[in-house]
Amino acid sequence: NSALIVEQDLEMENGYVQVVNGVLSPSNKLLSELIEAHKEFSLFSKAILLTGIDTLVLSAYELDPDYDGTLEGPQLGSEATRAPYPKEKKQRFTVLVEPNTLFAQNGINSIEELTAFAEKWYGTEAQGEYNNPKNALHQFILYHIIDRQLLYSSSTGPGGFIMENYENEGYNSRVNLDQNFDTKEYYETMLPYTMIKVTKPYTNSKLKQEIVINYAQEMGTTVNNPDMAKHLNVIVEKASVTKEKYEDLKDFEQGALNGIIHTIDRILVYDETEMAGNVLNERIRMDFSAIFPEFTNNGVRWDLSHANELVTFIPNDYCKYLVVNDGATELFYYRPHATYAGSWANFQGDEFIVEGKYDFKYRLPHVPEGNYEIRFGYPRGYYRGICQFYVDGKIAGIPVDLRWQTSERADELVGWFDESNMSEEEIRENDKSMRNRGFMKGPASIVLGDNATMRDSQQAIRRIVGTFRLDRGDHWLRF
């Protein structure tokens, strides 16, 4: 934010030099300190300090002082070298901040008025007890904090809100993420049992170039609660927009020691009825590596700086929501690489690979309470094994043979069919027959190249694990 590149791409023997016209000074402030340093964030900062969230949450950074990022794990399959450990084990955050100007436009000019606004949405329990997690102002601030550092775009480094403009090892997100569909990610916030939906709404011409928080159904034109209309479709502002828009943020510094700040253009609130009945009332299709903040926070997911290290070994105790029950389980993350019709069918081009005599489980994201059909997507192939699923410790169905190839006999077992010359009615009947076997085709919204989608691919299969009641609390899926 303080220096321009004046000469670029000066090639040297072992890399490139970028010449800048000012000294770069990385911030050593924690997020709460950096927010406090900006006058335009003074009201939001007061709320952070009043609730104690600066020490309860935003002071975290060093998770394990003894973590050694130079270690190497085992080899993945036939790879020639051993896979390195993740280089760090840090905790980072994203804070979505309303500037004072935005609060003022909504009649909020003091901490008392902000508290009253929060109580309208989160209730009056623990009124005045700002350190209490049930306090309205406390909940209001927690919903603005995500437990991972999200850059504006994946093209600026690892861990963007949305994968966009990403190219690596033959993978191209502009080709593989069909822009006839909205691109989505889902993240839990620090307010327990709540999520935000992040959307790049390609189907909405007005918002097509924006990153939008809690983009509503019907392109945002309908709401269950009319009062929520002003608090949906919240745009995350680029740093350049923030600097131009606010007089006191011309020197906006958004990168802290333990995370990043983004300004937003509307006041962000959580309403259970609206989220369950509108924003999240849809297929919640999550990539496995989006579930774990550690992947994003420590340069594992979507990192282009590891050009010669496509594979990272994930130690058994690395992720808090990923538990290994058998020490022989070996976990690997494989960065995005070429995916095309006829090859591995990988959403976002990356893979989570498990080898050995595996037994592991992971915690499902905290979705709104309700009945859900849980589906597990995978590319079938002879490298696989036979897997038993469990949900919350209980067996879910019979063991599934993941090895079935794309042969005529395998298609018969799974129910896969070529629909190219079928009528809509015939396709529906065959889909129903496939579901009766416990399987579905891959989704049509993911392109594998050559305009072929996962639905066209014989390899991309979804196993229906079952229908389950997901109440408030932790739910675990075991393999």
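# Briefing on selected features of a predicted model

In this structure, a polar atom in the side chain of Gln388 lies 3.0 Å from the backbone oxygen of Gly397. The model is a predicted one, and the points below take up the surroundings of Gln388, two open sheets, one helix, two further buried residues and the pairing of aromatic rings.

**Gln388 and its surroundings**

- Gln388 is found in the loop that runs between β21 (386-387) and β22 (390-391).
- Because its relative accessibility is 16%, and buried means under 20%, Gln388 counts as buried.
- When neighbours within four places in sequence are left aside, the residues in contact with Gln388 are Ile395, Ala396, Gly397, Ile398, Pro399, Arg478 and Phe479.
- Arg478, one of these contacts of Gln388, has its charged end over the ring of Tyr390, at 4.5 Å from the ring centre.

**The sheet β15-β17-β18**

- An open sheet is formed by 3 strands in the order β15-β17-β18, and the pairing in this sheet is antiparallel.
- β15 (311-314) and β18 (351-355) are at the edges and have a single partner strand each, so each of them has one side without a neighbour in the sheet.
- From one strand to the next, the twist of this sheet averages 25°.
- The antiparallel pairing of β15 with strand β17 (residues 330-334) extends over 4 bridges, and within this part of the sheet Val311 stands opposite Tyr334 in β17.

**The sheet β20-β28-β25 and helix α12**

- Another open sheet is made of 3 strands in the order β20-β28-β25, again with antiparallel pairing.
- Its edge strands are β20 (370-379) and β25 (439-441), each of which pairs on one side only.
- On average, and with direction ignored, neighbouring strands of this sheet are turned by 40° against each other.
- β25 pairs in the antiparallel sense with strand β28 (residues 460-470) over 3 bridges, and the bridge partner of Met440 in β28 is Arg462.
- Helix α12 (residues 424-436) packs on this sheet and touches β20, β25 and β28, while its direction makes about 140° with that of β25.
- The charged end of Arg463 sits over the ring of Phe439, 4.8 Å from the centre of that ring.

**Helix α2 and Ile108**

- In helix α2 (residues 42-51), the buried residues are Leu43, Phe44, Ser45, Ala47, Ile48 and Thr51.
- These buried residues are covered by elements that include α1 (31-37), α3 (53-56), β5 (93-97), α4, α5 and α6 (136-142).
- Just after α2 comes Gly52, which takes a positive phi of about 80°.
- Ile108 has its place in the loop between α4 (100-105) and α5 (111-122), and with a relative accessibility of 3% Ile108 counts as buried.
- Leaving aside neighbours within four places in sequence, Ile108 is in contact with Leu43, Phe103, Glu113, Leu114, Phe117 and Ile267.
- Leu43 and Ile108 are 65 residues apart along the chain, and their C-alpha atoms are separated by 9.2 Å.

**Tyr187**

- Tyr187 lies in strand β9 (residues 183-188) and is buried, with a relative accessible area of 1%.
- The side chain of Tyr187 reaches the backbone oxygen of Phe161 at 2.9 Å.
- Not counting residues up to four places away in sequence, Tyr187 touches Ile146, Arg148, Leu150, Gly160, Phe161, Thr194, Met195, Ile196, Val198 and Arg301.
- Tyr187 and Tyr358 are 171 residues apart in sequence, and the distance between them in space is 27 Å, C-alpha to C-alpha.

**Aromatic rings**

- In the whole structure, a search finds 20 aromatic pairs.
- In the pair of Phe288 and Tyr362, the ring centres are 4.8 Å apart and the planes stand at 90°, which is why the pair is edge-to-face.
- This pair links distant parts of the chain, since Phe288 is in the loop between α9 (272-279) and α10 (293-297), whereas Tyr362 is in strand β19 (residues 360-363), 74 residues apart.
- Phe288 and Tyr362 are both buried.
- Ring pairs join Phe288, Phe292, Phe295, Tyr333, Phe352, Tyr358, Phe360, Tyr362, Phe376, Tyr378, Phe389 and Phe479 into a cluster; Phe479, a member of this cluster, is also one of the contacts of Gln388.

Terms used. Residues are numbered from 1 along each chain as its sequence is written. This is a predicted model: local features need pLDDT of at least 70, side-chain atom pairs count only at pLDDT 80 or more; totals for chains, interfaces and linings use all residues. Side-chain values use heavy atoms; hydrogens and water are left out. Helices (H or I, at least four residues) and strands (E, at least two) are DSSP runs, numbered from the N terminus. Buried means under 20% relative accessible area, exposed over 50%, partly exposed in between (1.4 Å probe, protein chains only). A polar contact is a pair of N or O atoms within 3.5 Å; within protein, one must be able to donate a hydrogen and the other to accept it, and residues adjacent in sequence count only if both atoms are side-chain atoms. Contact means heavy atoms within 4.5 Å. Two strands pair if DSSP finds at least two bridges between them. Axes are lines fitted to C-alpha atoms, for helices over the stretch in contact, and angles run from 0 to 180 degrees between N-to-C directions. Rings of Phe, Tyr and Trp (its six-membered ring) pair if their centres lie within 6.5 Å; planes under 30 degrees apart count as stacked, over 60 as edge-to-face and the rest as tilted. A charge sits over a ring if NZ of Lys or CZ of Arg is within 6 Å of the ring centre and within 35 degrees of the ring normal.
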